[in-house]
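Thank you for sending this model; my notes follow as numbered points. They begin with a single residue and then move to cores, rings and helix packing.

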Amino acid sequence: MNIYTVSFFGHRYIEHGTIIEERLEKILRDIITQKEYIDFIIGRDGEFDLLASAAIKRAINKYAYGNTHFTLVLPYLKAEYRDNEKEYLDYYDEVDVCYESSIAHPKAAIQIRNRSMIDRSDLVVCCVQHNSGGAYRTLQYAEKQGKRIISISDKE
């Protein structure tokens with residue numbers, strides 16, 4: 001089976017969420033209907049992650065036919081997850097704690113986790129609205145790695 005891995009990155013705070021959601025829906029529909037099997041991987045560290053997670057769940061419910069897997073990738077074991085594991089596993093198919101970031105300093109953990117996700121990805125979907133911050137650095141890393149990138153920023 002050919003597994004196509006798609007990761008999602010964006011700023012902690014985003015502007016024009018409705019426009020971003022519409023763009024995500026079209027991209028997700030196309031991916032789900034065109035690829036044999038898709039592994040969606042995402043963090044949970046800001047507005048974009050939550051918006052993208054909701055869009056992924058809607059698209060899976062609407063277009064998927066058993067050809068998707070939805071993974072939350074944590075930078076380290078968080079108390080919120082530990083205290084609510086059942087709810088997380090009801091929402092995501094899998095929750096993965098990135099080993100490399102889990103042993104790093106907490107201030108570096110999210111960027112290390114993001115790079116690990118990029119390395120696993122065939123496609124990176126990003127919403128980078130500012131030329132600074134972790135999402136911007138992650139986009140730069142994806143470009144440097146030669147990854148296929150779809151930008152859904154409202155600046156497009």
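1. In which helix is Arg58 found? Before answering, I note for the record that this is a predicted model, and everything below should be read with that in mind. Arg58 is found in helix H2, and it counts as partly exposed because its relative accessibility is 43%, between the 20% that bounds buried residues and the 50% above which a residue is exposed. From the C-alpha of Arg58 to that of Phe40 the distance in space is 13 Å, with the two positions 18 residues apart in sequence.

2. The largest nonpolar core has 32 residues, and those with the most contacts inside it are Val6, Phe8, Leu24, Phe40 and Phe48. The elements that give two or more residues to this core are the strands S1 (3–10), S2 (37–42), S3 (68–74) and S5 (123–127), together with the helices H1 (17–34) and H2 (47–63). Helix H2 provides the largest share of this core, eight residues. As general background, nonpolar side chains tend to be buried together in soluble globular proteins.

3. Two members of this core deserve a residue-level reading. With neighbours within four places in sequence left aside, Phe40 is in contact with Val6, Phe8, Leu28, Ile31, Ile32, Ile56, Ile60, Thr68, His69, Phe70 and Thr71. Leu24 lies in helix H1, and it counts as buried because its relative accessible area is 0%, under the 20% limit. Not counting residues up to four places away in sequence, Leu24 touches Phe8, Phe48, Leu51, Ala52, Ala55, Val125 and Ile152. Of these partners, Ile152 is 128 residues from Leu24 along the chain, yet their C-alpha atoms are separated by 7.4 Å.

4. A loop position may also be worth a look. Gly46 is placed in the loop between S2 and H2, and it is nevertheless buried, with a relative accessible area of 13%. The C-alpha atoms of Gly46 and Phe9 are separated by 9.6 Å, the two residues being 37 apart along the chain.

5. How many aromatic pairs does a search of the whole structure find? The search finds six. One of the pairs is formed by Tyr81 and Tyr88, which meet edge-to-face at 5.3 Å centre to centre, with 90° between the planes; both Tyr81 and Tyr88 are buried. Another edge-to-face pair is that of Tyr91 and Tyr92, with 4.9 Å centre to centre and 75° between the planes. Within this second pair the accessibilities should be kept apart: Tyr91 counts as partly exposed at 29% relative accessibility, whereas Tyr92 is buried, with a relative accessible area of 1%. Phe70, Tyr81, Tyr88, Tyr91 and Tyr92 form one aromatic cluster, and Phe70 is also among the contacts of Phe40.

6. Two lysines are placed over aromatic faces. Lys57 lies over the face of Tyr91, at 5.2 Å from the ring centre, and Lys35 lies over the face of Tyr4, at 4.3 Å from the ring centre.

7. Two packed helices are described by the angle between their axes and the distance between the axes. For H6 and helix H7 (residues 134–144), the axes come within 10 Å and cross at roughly 35°, and the crossing is right-handed. On the H6 side, the residues that meet H7 are Gln111, Asn114, Arg115, Ile118 and Asp119, and their counterparts in H7 are Gly134, Arg137, Thr138, Tyr141 and Ala142.

8. Why is Gln111 counted as buried? Its relative accessible area is 15%, and it is therefore under the 20% limit for buried residues. Gln111 is placed in helix H6 (residues 106–120), and, sequence neighbours within four places left aside, it is in contact with Gly134, Arg137 and Thr138. Gly134, which is placed in helix H7, is partly exposed, with a relative accessible area of 27%. Gly134 and His11 are 123 residues apart in sequence, while their C-alpha to C-alpha distance is 7.4 Å.

Methods: Residues are numbered from 1 along each chain as its sequence is written. This is a predicted model: local features need pLDDT of at least 70, side-chain atom pairs count only at pLDDT 80 or more; totals for chains, interfaces and linings use all residues. Side-chain values use heavy atoms; hydrogens and water are left out. A nonpolar core is a set of buried Ala, Val, Leu, Ile, Met, Phe, Trp, Tyr and Cys residues joined through side-chain atoms within 4.5 Å. Buried means under 20% relative accessible area, exposed over 50%, partly exposed in between (1.4 Å probe, protein chains only). Helices (H or I, at least four residues) and strands (E, at least two) are DSSP runs, numbered from the N terminus. Contact means heavy atoms within 4.5 Å. Rings of Phe, Tyr and Trp (its six-membered ring) pair if their centres lie within 6.5 Å; planes under 30 degrees apart count as stacked, over 60 as edge-to-face and the rest as tilted. A charge sits over a ring if NZ of Lys or CZ of Arg is within 6 Å of the ring centre and within 35 degrees of the ring normal. Axes are lines fitted to C-alpha atoms, for helices over the stretch in contact, and angles run from 0 to 180 degrees between N-to-C directions. A crossing is left-handed if the near helix is turned anticlockwise from the far one by less than a right angle, and right-handed if clockwise.
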